[in-house]
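I opened this entry to work through the sheet of the structure shown below, and to note how far the model can be trusted.

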Amino acid sequence: IYGFRDHAVAYALASAPSTAPAPMRLLAGADDGLRVWLNDELVLDKPGMQCVSADGFTADVNLKAGDNTLLVEVTQGGGGWGFSLRLDSPVADEQ
């Protein structure tokens with residue numbers, strides 16, 4: 001959508017509904033800097049220059065019952081940019 005832009009910032013907003021409170025693992029990657037808020041709480045802060053690596057960063061988070069708001073900030077230094085983000089059950093990683 002934004003193409004190649006140097007020294008820029010973009011935001012993405014998503015809803016993650018949950019029928020009950022649930023512990024989850026947030027998995028993310030970005031090129032370049034990345035910050036993620038869940039329900040207005042900063043849960044991941046990875047500044048700097050890096051390549052997108054899907055699932056390169058993780059954070060244990062807790063969803064509340066109802067709608068949960070995810071806000072993603074990606075900062076761009078130069079060249080290509082993008083991000084990945086998903087929620088997964090922490091139990092899956094322990095099996």
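I looked first at the sheet in this predicted model: three strands form an open sheet in the order β5-β2-β7, with antiparallel pairing. Strands β5 (57-63) and β7 (82-88) are at the edges with a single partner strand each, so one side of each has no neighbour in the sheet. Direction ignored, neighbouring strands here are turned by 25° against each other on average, the axes being lines fitted to C-alpha atoms, with angles from 0 to 180 degrees between N-to-C directions.

I noted that strands are DSSP runs of E with at least two residues, helices runs of H or I with at least four, numbered from the N terminus, and that two strands pair if DSSP finds at least two bridges between them. Strand β2 (residues 22-31) pairs with β5 in the antiparallel sense over seven bridges; Ala22 stands opposite Leu63, and Met24 has Val61 as its bridge partner.

For confidence I read pLDDT, the predictor's value for each residue from 0 to 100. The protein chain has a mean of 87, and 88% of its residues reach 70 or more. Confidence is lowest in helix α1 (residues 90-94), at a mean of 57, and highest in strand β4 (residues 41-46), at 96. Where pLDDT is low, the predicted coordinates should not be read in detail.

For the record, residues are numbered from 1 along each chain as its sequence is written, and side-chain values use heavy atoms, without hydrogens and water. Local features need pLDDT of at least 70 and side-chain atom pairs count only at 80 or more, whereas totals for chains, interfaces and linings use all residues.
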